[in-house]
Amino acid sequence: MLDVAGKVSAEKKIAKGFLDKFGALIGLILLSVTLTLLTDKFLTLDNLMNIFRQSSVNCLLAIGMLLTILTAGIDLSVGSILAISTMLMGIVVVKWGMNPILGMAVCLGVGAFFGWLNGILLTKLRLPHPFISTLGTMNIARGLALIVTAAAPIAGFPYMIQFVGREFIGPVPISFLLVIIVYVGFHLFLTRTATGRYIYAIGGNKEAARLSGINVNRVLVIVYTMSGLMAALAGLVMVGRVNSAFPLAGLSYELDAIAAVIIGGASFFGGVGTVWGTMIGALIIAVLRNGLNLLNVSADFQMAVIGFVIITAVFIDVLRQRASKM
Amino acid sequence: MKRLFIIGLILCLVWFTAGCESMKEDGRPKVMVILKTLSSQYWKFVEAGAKEAAKKLNVDVTIVGPSSEAKIDEQISLLEDAITQEPDALVVSPSQPVTVIPAFEMAKKKKIPVLLVDTDADWDDKVTFLGTDNYTAGKKGGEQLASMLKPGDKVAIIAGALGNTAMDHRVKGAKEVLQAKGIKVVAEQPADSDKEKALSVMENILQKNPDIKGVFSANDDMAIGALRALEARKLKIPVIGTDGTIEALESIQAGNLSGTIAQNPYQMGYKGVETALKAIRKEKVSKRIDTGVDVITRKNAQKKMNFLKGLLD
């Protein structure tokens with residue numbers, strides 16, 4: 001009897017592990033199949049490439065967000081950092097007529113700087129939670145983005161800067177190739193390097209990580225700097241996509257990024273989550289939006305649907321936490 | 001299992017929403033209208049016009065827009081996804097004109113004609129631009145204000161944000177008429193289409209020019225803000241706005257705002273679809289279509305109000 005019970009629970013465990021691991025992927029596949037049945041425009045090469053393009057900004061924001069969430073933190077400032085870094089790039093390149101490569105360096109540098117600032121506020125000023133420090137920088141960066149041109153957008157970027165966000169290699173958008181490269185890089189970083197493993201360790205148990213000799217503050221600063229850098233990279237893609245930089249760019253995008261990470265199976269409590277899960281999370285959001293657009297569902301309704309998906313994804317996370325504690 | 005259950009629920013929701021707005025493929029010409037947003041009054045008027053045209057002209061019209069005007073790249077995604085559906089024509093009102101050009105190029109590759117409404121974009125391959133002639137609107141505003149004043153009177157002009165060309169044209173039109181009638185424009189300041197900002201801008205103007213006899217504002221919100229500054233000083237002078245918002249009409253009926261030059265968002269929607277149909281049939285279409293303005297005063301404010309309120313129901 002005992003034997004049978006043990007076997008059943010083991011099978012259950014395997015099934016549960018499988019769902020934990022591939023639940024988001026199954027969701028993405030089911031969603032895609034449904035949309036293919038509902039509209040013949042969904043499963044076309046053009047449309048799939050559209051989805052990849054539309055998801056690439058969120059994919060880049062979400063990878064930075066994943067790092068912060070892995071440490072049981074959060075980064076609310078990514079949307080604003082996207083705006084300020086592209087606005088300053090616009091000023092340097094369009095208004096001052098400087099070299100586009102320098103402009104891109106400014107963009108990434110500004111992003112990294114604001115990320116670093118988030119890290120310093122958290123570790124040196126010891127603000128109680130990254131929710132607070134990044135909420136502060138979110139407002140500062142957005143305010144600055146509006147101030148620098150008195151809220152006017154900047155258009156007329158040179159081709160070299162628009163290249164990444166706009167061009168294709170064959171049918172594949174370059175922005176999505178960039179996403180793949182970045183994701184492979186972060187996968188290797190998180191699984192093969194000491195710092196990467198420390199990130200998981202800090203999220204699992206910050207105190208234990210500190211006691212085992214990990215320089216927690218240093219790792220946290222690295223994490224937030226990378227998140228800022230990724231936000232700036234997302235901005236670079238966005239500039240090519242919308243042909244301009246504008247101060248309200250990325251408004252409330254942090255929420256989509258958080259949603260992607262959570263739908264992708266990462267835990268809000270830290271220590272759990274993968275790069276590929278996050279990508280699937282971002283793709284689920286993009287496929288959902290694209291599909292609802294193709295079905296001509298109104299924007300208001302879409303907001304409600306996405307909200308529903310976020311709540312259910314977090315609910316699953318809560319259930320999982322509860323189950324693992326029992 | 002719970003995860004699967006929830007995924008199932010989400011799919012049901014998608015089925016359900018799709019069912020609500022099921023696709024019609026019935027051989028009628030298909031026009032997709034992409035607006036700046038659908039969640040504000042002005043755009044609801046445009047939507048109402050487009051819907052009426054769809055009914056009268058038997059066109060399959062789909063109207064979409066992002067959740068707010070600030071969601072610029074959401075509008076681009078909508079535009080890209082509309083192009084994927086290969087409609088016979090696109091009618092677009094870009095939130096930021098430069099942002100839509102790459103998507104327009106995609107439409108051009110698929111040979112889908114593109115029409116612009118309300119806001120123009122600098123793109124040579126568009127079929128037409130349908131919208132208010134802002135210079136004329138400004139002139140009519142200037143005439144209206146001048147009719148309530150006498151030569152030699154001083155007036156102030158509240159302008160839009162720097163670089164807002166639509167508002168610049170309105171200001172230019174108003175200024176030319178006022179000056180031609182011998183009225184002095186002693187102040188011209190931007191208030192960024194913002195009510196609060198217009199209030200403080202007007203206060204500053206009054207500090208310097210307490211003997212102002214009239215105000216022209218490049219939009220209604222700013223006119224109402226300026227009105228508050230005048231009320232605070234117990235000054236009763238004519239104020240003319242532009243746009244024809246419901247709030248402005250109410251103010252006119254209450255005897256506060258003297259008048260407004262109303263745009264015709266309903267006509268933009270209606271003529272947008274009508275002209276798209278012409279483009280689909282390869283008929284000749286003018287490159288610029290004026291959707292007209294109406295001078296609204298206390299005499300006809302009620303009528304306009306009834307018309308607009310009827311559209312919102």
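Colleague: At roughly what angle do the axes of α12(A) and α3(B) cross?
Modeller: In this predicted model, take helix α12 (residues 275-294) of chain A together with α3(B): their axes come within 9 Å. The two helices are oblique to each other, and therefore neither roughly parallel nor roughly perpendicular. Their crossing is right-handed, and the angle is roughly 55°.

Colleague: Which residues of α3(B) make the contact with α12(A)?
Modeller: From α12(A) come A:R289, A:N290, A:N293 and A:L294. By class, the residues of this contact divide into two nonpolar, four polar and two charged. On the side of α3(B), the residues are B:S77, B:L78, B:D81 and B:T84.

Colleague: α12(A) also meets a helix of chain A; how many charged residues does the contact of α2(A) with α12(A) have?
Modeller: Helix α2 (residues 45-70) of chain A and α12(A) have axes that come within 8 Å and cross at roughly 140°, which makes α2(A) oblique to α12(A). Among the residues in this contact are A:I51, A:C59 and A:L66 of α2(A), and A:V275, A:L283 and A:I285 of α12(A). The classes are twelve nonpolar and seven polar, and the number of charged residues is none.

Colleague: Let's look at the chains as a whole: which element of chain B gives the most to the side that touches chain A?
Modeller: In total, 36 residues of chain B are in contact with 47 residues of chain A. On the side of chain B, α1 (2-20), β2 (60-64), α3 (72-84) and α4 (101-109) each supply at least two residues. The element giving the most, with ten residues, is α1(B).

Colleague: And how many residues of that side of chain B are nonpolar?
Modeller: The side of chain B that touches chain A holds a mix of classes, with eleven polar and six charged residues. The nonpolar residues number 19.

Colleague: How far apart do the C-alpha centres of the two domains of chain B lie?
Modeller: Domain 1 of chain B is made of two stretches, 26-131 and 265-291. Domain 2 of chain B covers 134-262. Between their C-alpha centres the distance is 32 Å.

Colleague: Which strands stand at the edges of the sheet with the order β2-β1-β3-β4-β5-β11 (chain B)?
Modeller: This is an open sheet of six strands, and its pairing is parallel. From one strand to the next, the twist averages 20°. A strand at the edge has a single partner, so one side of it is left without a neighbour in the sheet; here those strands are β2 and β11 (288-290) of chain B.

Colleague: Within that sheet, which residue of β2(B) is the bridge partner of B:V31?
Modeller: Strand β1 (residues 30-34) of chain B is joined to β2(B) by five bridges, and the two run parallel. Helix α2 (residues 41-57) of chain B lies across β1, β2 and β4 (114-117) of chain B, at about 165° to β2(B). Following the bridges from β1(B) into β2(B), the partner of B:V31 is B:V61.

Colleague: What about the other sheet, with the order β7-β6-β8-β9-β10-β12 (chain B): which residue of β12(B) stands opposite B:I261?
Modeller: Six strands form this open sheet, with mixed pairing, and its edge strands are β7 (184-190) and β12 (294-296) of chain B. Strand β10 (residues 259-262) of chain B is joined to β12(B) by three bridges, and these strands run antiparallel. Opposite B:I261 stands B:V295.

Colleague: Which strands does α8(B) touch as it packs on this sheet?
Modeller: Helix α8(B) has a direction that makes about 155° with that of β9(B). The strands of chain B that α8(B) touches are β6 (154-159), β8 (214-217), β9 (239-243) and β10.

Colleague: α8(B) has a helix partner too; what is the hand of its crossing with α7(B)?
Modeller: Helix α7 (residues 195-208) and helix α8 (residues 220-232) of chain B have axes that come within 7 Å and cross at roughly 45°; they are therefore oblique to each other. The contact includes B:L199 and B:M202 of α7(B), and B:I224 and B:A229 of α8(B), and its residues divide into nine nonpolar, one polar and six charged. The crossing is right-handed.

Definitions and conventions. Residues are numbered from 1 along each chain as its sequence is written. Chains are lettered from A and ligands numbered from 1 in the order in which they are written. This is a predicted model: local features need pLDDT of at least 70, side-chain atom pairs count only at pLDDT 80 or more; totals for chains, interfaces and linings use all residues. Two residues are in contact if their C-beta atoms, placed from the backbone, lie within 7 Å. Helices (H or I, at least four residues) and strands (E, at least two) are DSSP runs, numbered from the N terminus. Ala, Val, Leu, Ile, Met, Phe, Trp, Tyr, Cys and Pro count as nonpolar, Asp, Glu, Lys and Arg as charged, and the others, Gly among them, as polar. Axes are lines fitted to C-alpha atoms, for helices over the stretch in contact, and angles run from 0 to 180 degrees between N-to-C directions. Angles under 35 degrees count as roughly parallel, over 145 as roughly antiparallel, 65 to 115 as roughly perpendicular and the rest as oblique. A crossing is left-handed if the near helix is turned anticlockwise from the far one by less than a right angle, and right-handed if clockwise. Domain bounds come from an automatic or database domain assignment. Two strands pair if DSSP finds at least two bridges between them.
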